[in-house]
Amino acid sequence: MNPDDFAGDDPVNQALSAAHVALYGLVHSVVAALGLSPGLGFVHTGHDRFFVYDVADLYKAEITVPIAFAVAAEAEEGQDIGQLARLRTRDAFVDGKILKRMVKDLQMLLEIPEEEQIEAEPLSLWDDKEKLVPYGVNYSEVKSCP
């Protein structure tokens, strides 16, 4: 695998790379939201995002590895494997369960006392007419009244 030549890699490595990048993005968001240092690193060291990589490793076998192999097996000739892998990884995140679990796992791993732990709650979007509306809805498909 050559990190400077994504297109030159085989489909499995392309899918793995794309899925892992999506996972790193989610992990980095959770780490930052909890006020933790992305560069903390226990297993990986010497880089400003190694804690993100450590945490992501906890979820790869369950989420990104199966997705990557499925994408590589199912992709048709000429399809953008990176895009397919990112979309499937995003879809795996949609229900929010992995986000909640990640927050809980990080607090447990860092031995944050239970009375000081925070709970990850689903987000809502602000609408000036409806006030709070659910997130994860493609509002471009919602028909507006004349």
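**Exercise 1. Find the charge pair within α4, then state the accessibility of both partners.**

Asp 91 forms a salt bridge with Arg 90, with 2.9 Å between the closest N and O atoms. The criterion for a salt bridge is a side-chain nitrogen of Lys or Arg within 4 Å of a carboxyl oxygen of Asp or Glu. Side chains of opposite charge can pair when their charged atoms come close.

Next, accessibility. Buried means under 20% relative accessible area, exposed means over 50%, and partly exposed lies in between (1.4 Å probe, protein chains only). Asp 91 is partly exposed because its relative accessibility is 45%. Arg 90 has 46%, so Arg 90 is partly exposed.

A note on the model: it is predicted, local features need pLDDT of at least 70, side-chain atom pairs count only at pLDDT 80 or more, and totals for chains, interfaces and linings use all residues. Residues are numbered from 1 along each chain as its sequence is written, and side-chain values use heavy atoms, with hydrogens and water left out.

**Exercise 2. Trace the salt-bridge network that includes Arg 101.**

Step 1. The whole structure holds 5 salt bridges. One of them joins Glu 62 and Arg 101, at 2.6 Å from N to O. This pair links distant parts of the chain: Glu 62 sits in the loop between α2 and α3, Arg 101 in helix α5, 39 residues apart.

Step 2. Asp 105 also bridges to Arg 101, at 3.7 Å from N to O. These two are 4 residues apart in helix α5, so about one helical turn separates them.

Step 3. Combine. Glu 62, Arg 101 and Asp 105 are linked in a network of salt bridges. Glu 62 is partly exposed at 48% relative accessible area. Arg 101 is partly exposed at 33%.

**Exercise 3. Show which side of α4 faces the protein interior.**

Step 1. Take the span. Helix α4 covers residues 81–93, 13 in total, and reaches 18 Å from its first C-alpha to its last, close to the expected 18 Å at 1.5 Å a residue. The expected span is 1.5 Å times one less than the number of residues. Helices (H or I, at least four residues) and strands (E, at least two) are DSSP runs, numbered from the N terminus.

Step 2. List the buried residues of α4: Ile 81, Gly 82, Ala 85, Thr 89 and Phe 93. Seen down the helix axis, they fall within an arc of 110°, so they line one face of α4. The arc is that of the directions from the helix axis to the C-beta atoms.

Step 3. Find the partners. The buried residues of α4 pack against α1, α3 and α5. Contact means heavy atoms within 4.5 Å.

Step 4. Zoom in on Thr 89. Its relative accessible area is 0%, so Thr 89 is buried. Leaving aside neighbours within four places in sequence, Thr 89 contacts Ala 19, Ala 22, Leu 23, Thr 64 and Ile 67.

**Exercise 4. Describe α1 and what follows it.**

Step 1. α1 has 23 residues and reaches 33 Å from first C-alpha to last, close to the 33 Å expected at 1.5 Å a residue.

Step 2. Its buried residues, including Leu 16, His 20 and Val 27, pack against α2, α3, α4 and α5.

Step 3. Just after α1, Gly 35 takes a positive phi of about 75°. Phe 42 lies in the loop between α1 and α2. Phe 42 is exposed because its relative accessible area is 56%.

**Exercise 5. Summarise the fold.**

The protein chain has 5 helices and 2 strands. Their order from the N terminus is α-α-α-α-α-β-β. Buried residues make up 28% of the 146 residues.
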